[in-house]
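Got your viewer open and a selection box ready? Load the model below and let's walk through it stop by stop.

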Amino acid sequence: MEDQIKNLLNNNNNNIENINNDEEYKPIVKIYDSDKQNLMDRINSGEFMKIQAPMVRFSRLPFRMLVKRWGCDITYTPMIMAAEFNRSESARDSDFTINKLDEPLIVQFGVNDAEELVSAAEKVKDYCQGIDINCGCPQRWVMKEGFGANLLLHPEKIYDMVKQINNRVPIPISIKIRVQSDLKNTIELAKRAEKIGVSWITVHGRTSAMRSSHPVDYDAIKLVKDSVKLPVFANGDVFTLDQSNEIREKTGVNGVMSARGLLTNPALFKGYDKTPIECIKDFINIYSEYGGLHPVIFHRHLMYMLYEYHNKNEKSEFNKLSTISGIMDYINDKFLF
């Protein structure tokens, strides 16, 4: 089995440099037979949802499949820039790779124009169970282009995009926001979004100016939850299942979303305190079958997953590896796959 995996991974490594032209990056699509409201039925029934956050570079198909096997109820694509997605077939092939096991899936777009969003949503509506507008990314280039958290300064753009999706594309629409320094603005945004038909809101409990080391304001998330009747998910510092349950108790939210926590431990929602070896095996097997990741990203995922297993010297040794074959040899030697 080890030789078979190595051969598959080596073949991927030989062909992966030209990502947009590689056959494995073509979407493996499925027209969903299930009602698009099926996910909403689950959410509205009171089921507490465990969610993988949209992460640039990381929340692609192999990782989404992994975390679904290990406890996630919903996964998100990375933020996809709607304008480029609409304009470029190669961007669509690269940014939106799925298969029949990839549900329920939410496609997140970076966008500030209703027509661009509608056009992009039309292209993916048959292959996902929801569309999300990124209203929280604090990266400078995103803010400068008028996307992400910049939209919090221009809420009318958010309302217009939500209205147009509700009027023209039959699919749930959500928004992912950060709290603002003046919480009155956050509460007003949530109430307006509810009135115009947002399906749910995900609230990151930091402002766009705060670093990840700053404590998450769960009281602010609770204020948002208490101000609306629609489902609200909490985002920020979800690293264990116990923390998820504590956040639920503190805020009353309908679910929690994790980013860094799932990167270091994709099985956290199953209650594991570090990534089980079986989970790492699953990730390697998924990658060997589906590809879909640049070798650098494959390596980075394993760096995060193996972090708790390595001492300082082992971390340094593993981090210096540069080929798929070298990575696999190391893991086979150390963990006896």
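What follows is a tour of a predicted model, with something to select at each stop.

**Stop 1: the whole chain**

Start with a cartoon of everything. The protein chain carries 16 helices and nine strands. Colour by burial next: of its 337 residues, 55% count as buried. If you like contact maps, take the contacts with a separation of 6 or more; residues 24 or more positions apart account for 70% of them.

**Stop 2: the largest pocket**

Now switch on a surface and look for the largest pocket, which holds about 910 Å³ of space. Its lining counts 34 residues, and the closest to the pocket centre are Pro54, Pro138, Arg178, His204 and Ala259. Select those five as sticks and you have a handy centring target.

Which elements should you highlight around the pocket? Try β6 (173–178), β9 (255–258) and α12 (260–264), each of which supplies at least two lining residues. The largest share, three residues, comes from α12. Colour the lining by character and you get 16 nonpolar, 11 polar and seven charged residues.

**Stop 3: the annotated binding site**

Keep the pocket on screen and select Pro54, Met55, Val56, Gln108, Lys176, His204, Ala259 and Arg260. These are the residues that the UniProt annotation "binding site" covers, and the entry is unreviewed. The lining of the largest pocket takes in Pro54, Met55, Val56, Gln108, Lys176, His204, Ala259 and Arg260 from this set.

Zoom in on two of them. Val56 sits in the loop between β1 (49–52) and α3. Is Val56 buried, partly exposed or exposed? With 40% relative accessibility, Val56 falls into the partly exposed class. Show its surroundings, skipping neighbours within four places in sequence, and Val56 is in contact with Pro78 and Gln139.

Then jump to His204, in strand β7 (residues 200–204). His204 has a relative accessibility of 10%, so it counts as buried. Leave out residues up to four places away in sequence, and His204 touches Lys176, Ile177, Arg178, Val179, Asn235 and Gly236.

**Stop 4: the annotated active site**

Select Cys137, which the UniProt annotation "active site" covers, again from an unreviewed entry. You'll find Cys137 in the loop between β5 and α7 (140–144). Its relative accessibility is 12%, so Cys137 counts as buried. What does Cys137 touch? Not counting residues up to four places away in sequence, Cys137 touches Val142, Met143, Gly148 and Ala149.

**Stop 5: helix α6**

Select residues 114–124, which make up helix α6, and pick out Ala114, Leu117, Val118, Ala120, Ala121 and Val124: these are buried. To see what they face, bring up α4 (82–87), β4 (105–110), β5 (130–135) and α8 (155–168), the elements that the buried residues of α6 pack against.

Stay at the start of α6 for a moment. Draw a distance from the side chain of Asp113 to Glu115: a side-chain oxygen of Asp113 comes to within 3.1 Å of the backbone nitrogen of Glu115. Glu115 itself is in helix α6, and its 46% relative accessibility puts Glu115 in the partly exposed class. Add one more distance, from Glu115 to Asp160: the two are 45 residues apart in sequence, yet their C-alpha atoms are 9.7 Å apart in space.

**Stop 6: a serine in α11**

Next, select Ser244 in helix α11 (residues 241–251). At 1% relative accessibility, Ser244 counts as buried, because the cut-off is under 20%. Set aside neighbours within four places in sequence, and Ser244 is in contact with Phe48, Val238, Val256 and Phe269.

**Stop 7: an enclosed space**

Last, clip into the interior. How many cavities of 30 Å³ or more are there? The count comes to one, with a volume of about 50 Å³. Select Arg60, Leu61, Pro62, Arg64, Ser94, Asp95, Phe96, Thr97 and Gly292 to light up its lining. The elements giving two or more residues to that lining are α3 (61–69) and α5 (89–95), and the largest share, three residues, comes from α3. By character, the cavity lining divides into three nonpolar, three polar and three charged residues.

Terms used: Residues numbered from 1 in each chain as written. Predicted model: local features only at pLDDT ≥ 70, side-chain atom pairs only at ≥ 80, totals over all residues. Heavy atoms only, no water. 1 Å grid on protein atoms, 1.4 Å probe; cavity = no way out; pocket = protein on both sides within 12 Å on 5 of 7 lines; lining within 4 Å. Points joined across faces, edges and corners; volume = space filled by probe spheres on them. Helix = DSSP H or I, 4+ residues; strand = E, 2+ residues; numbered from the N terminus. Nonpolar A, V, L, I, M, F, W, Y, C, P; charged D, E, K, R; others polar. UniProt positions renumbered as here; feature names shortened; annotations may be inferred. Buried < 20%, exposed > 50% of the residue type's maximum accessible area, 1.4 Å probe, protein only. Contact = heavy atoms within 4.5 Å. Polar contact = N/O pair within 3.5 Å; in protein donor to acceptor, adjacent residues only side chain to side chain.
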